[in-house]
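Me: Hey, I've got a structure open and I'd like to talk it through. Can you help me find my way around?

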Protein chains: 2
Amino acid sequence: MKRIVFIYGGALAGLIALLKYVEYRFIVRDFSLEFYIGIIAVMFTGLGIWAGRRLTRRKVILIDPNFALNEGEMQRRGISKREHEVLELIAKGHSNQEVADKLYVSVNTVKTHLSNLFLKLDAARRTQAIQKAKELRLIP
Amino acid sequence: MKRIVFIYGGALAGLIALLKYVEYRFIVRDFSLEFYIGIIAVMFTGLGIWAGRRLTRRKVILIDPNFALNEGEMQRRGISKREHEVLELIAKGHSNQEVADKLYVSVNTVKTHLSNLFLKLDAARRTQAIQKAKELRLIP
DNA sequence: CAAGAAATCATCCTTTCGGGTGAGGGACCG
DNA sequence: CGGTCCCTCACCCGAAAGGATGATTTCTTG
């Protein structure tokens, strides 16, 4: 993190020094200002891409900001909101009891929701349901 | 993708136009060239970060031809080839018995591999192991 | 208001998972 | 050759998950 700041600052300083150096031929050769601006813009866009990747790299990929729920498939299979909530939680690796605690309901309720989900998703196991739900883009 | 090119080009063109416009007071007020360079650098670094994030954003998670196994994490956690195979099959939603059949071993063997995996992945359940393995890029 | 869908909970029962432990055979390495 | 890993398998036991069924309550919708 700090190194990125240093590299960035260094790049900035180096660039300005470089510009100072070429300022003479800048006048003589009559390169347009726009040309220099363009070079700088491209360089720092590249630097930005690099820095951006470095800064946002280590994040967990599964939390996809681009995830869009497939509402059509939800309705087609008749999956209710509550069932979807349960689905999301078990996909995160929670047990039935943990899901029950998080949703403030009994384990039996969670099991009922899950049973219904298995039917609606043609799944025999929770892992299969998760896999299918991901394919159908019902969960990220 | 194309829109990004347009936005980038537009930003470049707009900036140059802006510079042209302020060129007069640039001379009058005697702002240093370095100051402008700095502004441009910062702006395009930001643009680069934005563009980089947009360009490298992952699209589909499951059908990912770009999946690259995180070998480092494999070795770090001491996960063997056979354990990894089991992990992959489990993630596809198979039961222990099904995995055993596919790998031509007994259920007990699969269970042993799984137990070891749970330790190595700090997981208590198969669903949790799958979730962690995906985060660590051990499975697609 | 009646019908139906959702959500809730329960009980009984079977299957699957997971933890613990032990153990034998094969491969690799110093 | 002995040590270490990996793969294999087995047995036991308790916990979790899953199937089947029935019931109550709330909420929506015709």
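**Two helices crossing in chain B**

Me: Let's start with H6(B) and helix H7 of chain B, residues 126–135. At what angle do their axes cross?

Reply: They cross at roughly 55°, and the axes come within 10 Å. Bear in mind that this is a predicted model.

Me: What do I call that arrangement of H6(B) and H7(B)?

Reply: Oblique. Roughly perpendicular would need 65 to 115 degrees, so the angle of roughly 55° makes H6(B) and H7(B) oblique to each other.

Me: And is the crossing of H6(B) and H7(B) left-handed or right-handed?

Reply: H6(B) passes H7(B) in a left-handed crossing.

Me: Which residues make the contact?

Reply: From H6(B) you have Leu114(B), Leu117(B), Phe118(B) and Leu121(B). H7(B) brings Arg126(B), Ala129(B), Lys132(B) and Ala133(B). Sorted by class, that contact has six nonpolar residues, two charged ones and no polar ones.

Me: I clicked on Ala129(B). Is it buried or exposed?

Reply: Ala129(B), which sits in helix H7 of chain B, is buried. The reason is that it has 25 other C-beta atoms within 10 Å, and 20 or more is enough to count as buried.

Me: What does Ala129(B) touch?

Reply: Leaving out residues up to four places away in sequence, Ala129(B) touches Leu87(B), Leu117(B), Phe118(B), Leu121(B) and Ala123(B).

Me: How far is Ala129(B) from Ala91(B)?

Reply: In sequence, 38 residues. In space they are 8.7 Å apart, C-alpha to C-alpha.

Me: Ala91(B) is in H4(B), right? Which residues of H4(B) are buried?

Reply: Yes, and Ala91(B) is one of the buried ones. The others are Glu83(B), Val86(B), Leu87(B), Leu89(B) and Ile90(B).

Me: What do the buried residues of H4(B) pack against?

Reply: In chain B, they pack against H5, H6 and H7. They also pack against helix H8 (126–135) of chain A.

Me: OK, switching to chain A. How many helices and strands does it have?

Reply: Chain A has eight helices and zero strands.

Me: How much of chain A is buried?

Reply: Buried residues are 22% of its 140 residues. As for contacts in chain A between residues at least 6 apart in sequence, 63% join residues at least 24 apart.

Me: What about H5(A) and H7(A), at what angle do they cross?

Reply: Their axes cross at roughly 95° and come within 9 Å. That makes H5(A) roughly perpendicular to H7(A). Arg82(A), Glu83(A), Val86(A) and Leu87(A) of H5(A) meet Val110(A), His113(A), Leu114(A), Asn116(A) and Leu117(A) of H7(A). Those residues split into five nonpolar, two polar and two charged.

Me: Now the DNA. Which residues come nearest to strand C?

Reply: Ser80(A), Arg82(A), Val105(A), Ser95(B) and Asn96(B), out of 22 residues around DNA strand C.

Me: Which helix gives the most to the surface near strand C?

Reply: H6(B), with five residues. By class, the surface near DNA strand C has eleven polar, seven charged and four nonpolar residues.

Me: And which residues are closest to strand D?

Reply: Of the 23 residues that surround DNA strand D, the closest are Ser95(A), Asn96(A), Ser80(B), Arg82(B) and Val105(B). H7(A) makes the largest contribution to the surface near that strand, at five residues. That surface has twelve polar, seven charged and four nonpolar residues.

Me: Last topic: backbone oddities. What's up with phi in Tyr104(B)?

Reply: Most residues other than glycine have a negative phi. Tyr104(B) has a positive phi, near 60°. You'll find Tyr104(B) in the loop between H5 and H6 of chain B.

Me: Is Tyr104(B) buried or exposed?

Reply: Exposed, because Tyr104(B) has 7 other C-beta atoms within 10 Å.

Me: What is phi in Arg137(A)?

Reply: About 60°, so a positive value although Arg137(A) is not a glycine. Arg137(A) is in the segment after H8 of chain A. It counts as partly exposed because it has 18 C-beta neighbours inside 10 Å.

Me: And Gly93(B), what phi does it take?

Reply: Gly93(B), just after H4(B), takes a positive phi of about 100°.

Definitions and conventions:
Residues are numbered from 1 along each chain as its sequence is written. Chains are lettered from A and ligands numbered from 1 in the order in which they are written. This is a predicted model: local features need pLDDT of at least 70, side-chain atom pairs count only at pLDDT 80 or more; totals for chains, interfaces and linings use all residues. A residue is near a molecule or strand if its C-beta atom, placed from the backbone, lies within 6 Å of it. Helices (H or I, at least four residues) and strands (E, at least two) are DSSP runs, numbered from the N terminus. Ala, Val, Leu, Ile, Met, Phe, Trp, Tyr, Cys and Pro count as nonpolar, Asp, Glu, Lys and Arg as charged, and the others, Gly among them, as polar. Axes are lines fitted to C-alpha atoms, for helices over the stretch in contact, and angles run from 0 to 180 degrees between N-to-C directions. Angles under 35 degrees count as roughly parallel, over 145 as roughly antiparallel, 65 to 115 as roughly perpendicular and the rest as oblique. A crossing is left-handed if the near helix is turned anticlockwise from the far one by less than a right angle, and right-handed if clockwise. Two residues are in contact if their C-beta atoms, placed from the backbone, lie within 7 Å. A residue is buried if 20 or more other C-beta atoms lie within 10 Å of its own, exposed if 12 or fewer, and partly exposed in between; C-beta atoms are placed from the backbone.
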